[in-house]
Amino acid sequence: MDSHTDDDSMRVGEVEPMPGYTGLLTRASTVMLSALRDCSACGLELSKRTLLDNAYITWTEIGLFFMCAVMWTQIRRGLTECLFKPFAQRCCLQPKDTAKMPESAWKLVFYTMSWSYSTYLLFFTNYTFFHDPPSAFYDWKSGMTVPTDIAIAYLIQGSFYGHSIYATVYMDDWRKDSTVMVVHHVVTLALITFSYAFRFHNIGLLVLFLHDINDIQLEFTKLNVYFKTRGGDYYLIHDILSNMGSVSFSITWFWFRLYWFPLKVLYATCVSSLQSVPNIPFYFFFNSLLLTLLCMNIYWFLFIVAFVAKVLTGQMKDVKDLREYEGEEGAQRAAALLAAQQRLQSEDAGHLNNSAEGTVTQQTSRLCKGHLSKESDGVLHQMTWPSQSLDLNPIEMVWD
């Protein structure tokens, strides 16, 4: 008892230095194996008792989660139809980029907002979790009150990932890693829900901060890729910004997700948590979710390495999405697009179904200097640029 008190007094005002990879592997494996040997009563019954005794979440909080998830979906649809799509059309983006631009614009808006709020909490308040991750578990108590500012961050992020599971399946373009993306969203949502219910919200806030910054850089870079060729013209500034974004994204992905995340978060959850709370609930489950998240970060990092290797070896001269489907399926999609284009060109391009909408459409057509056709609802459907051939390779970022 005296030694435990001495440890508590020593930790006050002291910051434990961040370990290296070797220190993490050595300490974490030793502590986890020791905890596994000591857990003689581990099993389904203990898990049930631990869940009932330590999980705290109310029906009101669950209701707010679903309400906000639906709200994000409706906000995205509203912004897409009223702002993002019209803006893409007015800027005369290529058809494939016009379809993809709203997704990136929406994610850029959200992640900028959420990461800015997490940054504020970690660096402009009294929370010390970034500089001293083990402090996330100091004074932990089952059912402790979650500070309102952190609870708001959890509601925003949790409901967004609930929306993102739906959006990935039904709203976003399907890519090679979309299945992994759905798993990522499910794991992230489980981490958010689990850490909130068991009052691991302090370390959860650090996890969110370390991951959101890459999404900002990714969507910023993708948008500049879409905007560098529009209306048949090339814009150097967007090409420069997209290249700068690619470099910045690659560096921060490694630094935040593969350096700080394991050495700050995983060390705190695997080692420091048991030092502060010897009987911390769901120790193995919580850490298994975090390790799964780390494995997915490594998986996506392989796309980054492949991208850099292709650029350095001259196999790729443009920023393209290695996750897009190619080969037979890509050829089928390209053939269908070309056939549709030929059918459209055979029709009367000047025919408009609605005179009011036709005025706006003609203005857009003059701005873009291209051929225009529209569906019955007045949505821009196809644009063909006279100054360039049909490009079947999607120009987009390589990662997500």
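Q: Does Thr292 count as buried or partly exposed?
A: Thr292 counts as partly exposed, because its relative accessibility is 32%. Buried would mean under 20%, and exposed over 50%. One note before we go on: this is a predicted model.

Q: Where is Thr292 placed, and how far is its C-alpha atom from that of His184?
A: Thr292 sits in helix α10, which covers residues 283-312. Its C-alpha atom is 8.7 Å from that of His184. Along the chain, these two residues are 108 places apart.

Q: Let me step back. How many helices and strands does the protein chain have?
A: The chain has 12 helices and four strands. It has 400 residues, and 47% of them count as buried. The exposed area is about 20200 Å², with 63% supplied by carbon and sulfur atoms.

Q: What share of the contacts comes from residues 24 or more positions apart?
A: Take the contacts with a separation of 6 or more. Of these, 80% join residues 24 or more positions apart.

Q: Which residues does UniProt list under "transmembrane region"?
A: The UniProt entry, which is unreviewed, lists 56-75, 108-130, 150-169, 181-198, 235-256, 265-284 and 290-313. Compare such a record with the model, span by span. Residues 150-169 are 100% helix and 0% strand, with end C-alpha atoms 29 Å apart. Residues 181-198 are 94% helix and 0% strand, and there the end C-alpha atoms lie 25 Å apart.

Q: How is a pair of aromatic rings described?
A: Two values do it: the distance of the centres and the angle of the planes. In this structure the count comes to 39 aromatic pairs. Trp72 and Phe110 make an edge-to-face pair, 5.2 Å centre to centre, with 80 degrees between the planes. Trp72 belongs to helix α4 (residues 59-90) and Phe110 to helix α5 (residues 95-123), so the pair ties together parts 38 residues apart in sequence. Trp72 and Phe110 are both buried.

Q: What kind of pair do Trp140 and Phe200 form?
A: Trp140 and Phe200 form a tilted pair. Their centres are 5.9 Å apart, and the planes meet at 40 degrees. Trp140 is in the loop between α5 and α6, and Phe200 is in the loop between α7 and α8, 60 residues apart. Both rings belong to buried residues, Trp140 and Phe200.

Q: Which residues do ring pairs link into a cluster?
A: The cluster holds Tyr21, Trp115, Phe123, Phe130, Phe209, Trp255, Phe256, Tyr259 and Trp260.

Q: Now for charges. How many salt bridges does a search of the whole structure find?
A: The search finds eight. Look at the N to O distance, then at the place of each partner. Lys85 and Glu81 meet at 3.4 Å, N to O. Both lie in helix α4, four residues apart, about one turn of the helix. Lys85 is partly exposed, at 26% relative accessible area. Glu81 is partly exposed too, at 46%.

Q: Are Glu103 and Lys107 buried or exposed?
A: Both are buried. Their closest N and O atoms are 3.0 Å apart, in a salt bridge. Glu103 and Lys107 are four residues apart in helix α5, about one turn of the helix. They also belong to a network of salt bridges with Arg76 and Asp172.

Q: Which residue forms a salt bridge with Asp239?
A: Lys228 does, with the closest N and O atoms 3.5 Å apart. Asp239 lies in helix α9 and Lys228 in the loop between α8 and β1, so the pair ties together parts 11 residues apart in sequence. Asp239 is buried at 17% relative accessible area. Lys228 is buried at 6%.

Q: What is the phi of Cys92?
A: Phi of Cys92 is positive, about 60 degrees, although Cys92 is not a glycine. Cys92 lies in the loop between α4 and α5. It is buried, with a relative accessible area of 4%. Arg199 also has a positive phi, near 65 degrees. Arg199 is in the loop between α7 and α8, and counts as buried at 10% relative accessibility.

Q: Last, the surface. Which residues form a nonpolar patch there?
A: Tyr166, Val169, Tyr170 and Trp174 form the patch, with about 420 Å² of accessible area together. Trp174 sits in the loop between α6 and α7. Trp174 is partly exposed, at 35%.

Notes:
Residues numbered from 1 in each chain as written. Predicted model: local features only at pLDDT ≥ 70, side-chain atom pairs only at ≥ 80, totals over all residues. Heavy atoms only, no water. Patch = residues over 30% accessible without salt bridge, like charges linked within 9 Å, V, L, I, M, F, W, Y side chains within 5 Å. Areas by Shrake-Rupley, 256 points an atom, 1.4 Å probe, with all protein chains shown as cover. Salt bridge = Lys/Arg side-chain N within 4 Å of Asp/Glu carboxyl O. Helix = DSSP H or I, 4+ residues; strand = E, 2+ residues; numbered from the N terminus. Buried < 20%, exposed > 50% of the residue type's maximum accessible area, 1.4 Å probe, protein only. UniProt positions renumbered as here; feature names shortened; annotations may be inferred. Phe/Tyr/Trp six-rings, centres within 6.5 Å; stacked < 30°, edge-to-face > 60°. Contact = heavy atoms within 4.5 Å.
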